[in-house]
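This report goes through selected features of one protein chain, going from its surface to its strands and charge pairs. The sequence and structure come first.

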Amino acid sequence: MSIKILHIDIETAPHKVYAWGLWKQDIHIDNIVEPGYTMCFAAKWHKEPGMIFKSVYHDGEEAMIKTAHELIEEADAVVHYNGSRFDMPVLNQEFLQYGYQPPSPVKQIDLLQTARKQFKLPSNKLDYVARFLGIEGKIKHKGMQLWLDCMDDDDASWNIMKRYNIQDVRLLEKVYVQLMPWIKNHPNVAMYSDKNRPQCVNCGSHKLQRRGYERTKTQMYQRYQCLGCGKWQRGRTNDTPADKKENGLVSI
């Protein structure tokens, strides 16, 4: 048994609205001609070769949403980029619309949050972070026109959109691997393992090196660093020496 981690990225159509201008518009709900929707998504299981791609053009909207629901239902954790605020709420909206119950609770690993909290990069866009890490960037395209052409069912544009969406998920997995030791809210993969020996809480490696102690105000714990991904972690056992325990004083 091991943790099942799903990498996922969605592409959405823009809202069609009536507006009186182009700057600082407050658009009334009655001015919504057609709300945005999920056009397609790409996904893959971590460390597995296969790529999944579904779209309204190739599969139909309902079949696409059904597949997304099934994948998230099966996953223990989902890796995305700004997915906590965008991808997952958009998919939840689609699940609600098609009458699906909420998928089983899943741990969310949002790499954008890690990039923002842990580093001070000039840009936190996935394309920049990937190239900063020496990974190939996103596929170049014609911008907004690509989305509009896909909405008009242009076959050539959909071929580009498919490659673009799939490339984003490839980048996502590669960036995830490099950011892994920096991720603070990563689920403890040891809790999904049936192997009865210590392993890294993030990557699952059994190659752990003792590296000093972590000290709280009253206790000491053995500290370890993973030789696989580099993640720092501590043991659960209180290793405070007897003479330290006898002090019994803390600051107030």
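## Nonpolar surface patch

V17, I27, I29 and I32 come together on the surface as a nonpolar patch, and their accessible area adds up to about 330 Å². The model is a predicted one. Within the patch, I29 sits in the loop between β2 and β3. I29 counts as exposed because its relative accessibility is 64%, and the cut-off for exposed is over 50%.

## Strand β9 and its neighbours

Strand β9 covers residues 220–226, and five of its seven residues are buried, so the strand is largely enclosed by the rest of the structure. Strand β8 (residues 208–215) pairs with β9 in the antiparallel sense, over six bridges. Two of the residue pairs can be named here: R210 has Y224 of β9 as its bridge partner, and Q209 has Q225 of β9. The connection between β8 and β9 is a hairpin with four residues between the strands.

Strand β10 (residues 232–238) also pairs with β9 in the antiparallel sense, here over four bridges. Y224 stands opposite Q233 of β10, and Y224 is also the bridge partner of R210. β9 and β10 form a hairpin with five residues between them. G230 lies in that turn and has a positive phi of about 100°. As general background, side chains in a regular strand alternate between the two faces of the sheet.

## Salt bridges

How many salt bridges does the structure hold? The count is eleven. One of them joins the side chains of E74 and K4, with an N to O distance of 2.4 Å. E74 belongs to helix α1 (residues 61–74) and K4 to the segment before β1 (5–12), so this pair ties together parts that are 70 residues apart in sequence. E74 counts as partly exposed, at 40% relative accessibility, and K4 is likewise partly exposed, at 29%.

A salt bridge is also found between the side chains of E34 and K16, at 3.7 Å from N to O. It links distant parts of the chain, with E34 in strand β3 (residues 32–34) and K16 in strand β2 (residues 16–17), 18 residues apart. E34 has a relative accessibility of 31% and counts as partly exposed. K16 is partly exposed too, with a relative accessible area of 40%.

## A buried aspartate and a charge network

The side chains of K138 and D168 meet in a salt bridge of 2.7 Å, N to O. K138 is in the loop between α4 (126–132) and α5, while D168 is in helix α6, so the pair ties together parts that are 30 residues apart in sequence. Are the two partners buried or partly exposed? K138 is partly exposed, with a relative accessible area of 23%. D168 has a relative accessible area of 2% and is therefore buried, the cut-off for buried being under 20%.

Salt bridges also link D127, R131 and K140 in a network.

## Negative patch beside helix α6

Which residues gather in a patch of negative charge on the surface? They are D152, D153, D154 and D155. D154 lies in the loop that runs between α5 (144–151) and α6 (155–179). With a relative accessibility of 33%, D154 counts as partly exposed.

## A long separation

G60 is found in the loop between β5 (52–55) and α1. The relative accessible area of G60 is 24%, which makes this residue partly exposed. G60 and A115 are 55 residues apart in sequence, and their C-alpha atoms are 35 Å apart in space.

Note on methods: Residues are numbered from 1 along each chain as its sequence is written. This is a predicted model: local features need pLDDT of at least 70, side-chain atom pairs count only at pLDDT 80 or more; totals for chains, interfaces and linings use all residues. Side-chain values use heavy atoms; hydrogens and water are left out. Buried means under 20% relative accessible area, exposed over 50%, partly exposed in between (1.4 Å probe, protein chains only). Two strands pair if DSSP finds at least two bridges between them. Patches are made of residues with over 30% relative accessible area and no salt bridge: like charges are joined within 9 Å, nonpolar side chains (Val, Leu, Ile, Met, Phe, Trp, Tyr) within 5 Å. Accessible areas come from the Shrake-Rupley method with a 1.4 Å probe; for residues, only the protein chains shown count as cover. A salt bridge is a side-chain nitrogen of Lys or Arg within 4 Å of a carboxyl oxygen of Asp or Glu. Lys and Arg count as positive and Asp and Glu as negative; His and the chain ends are not counted. The place of a charge is taken as NZ of Lys, CZ of Arg, CG of Asp or CD of Glu.
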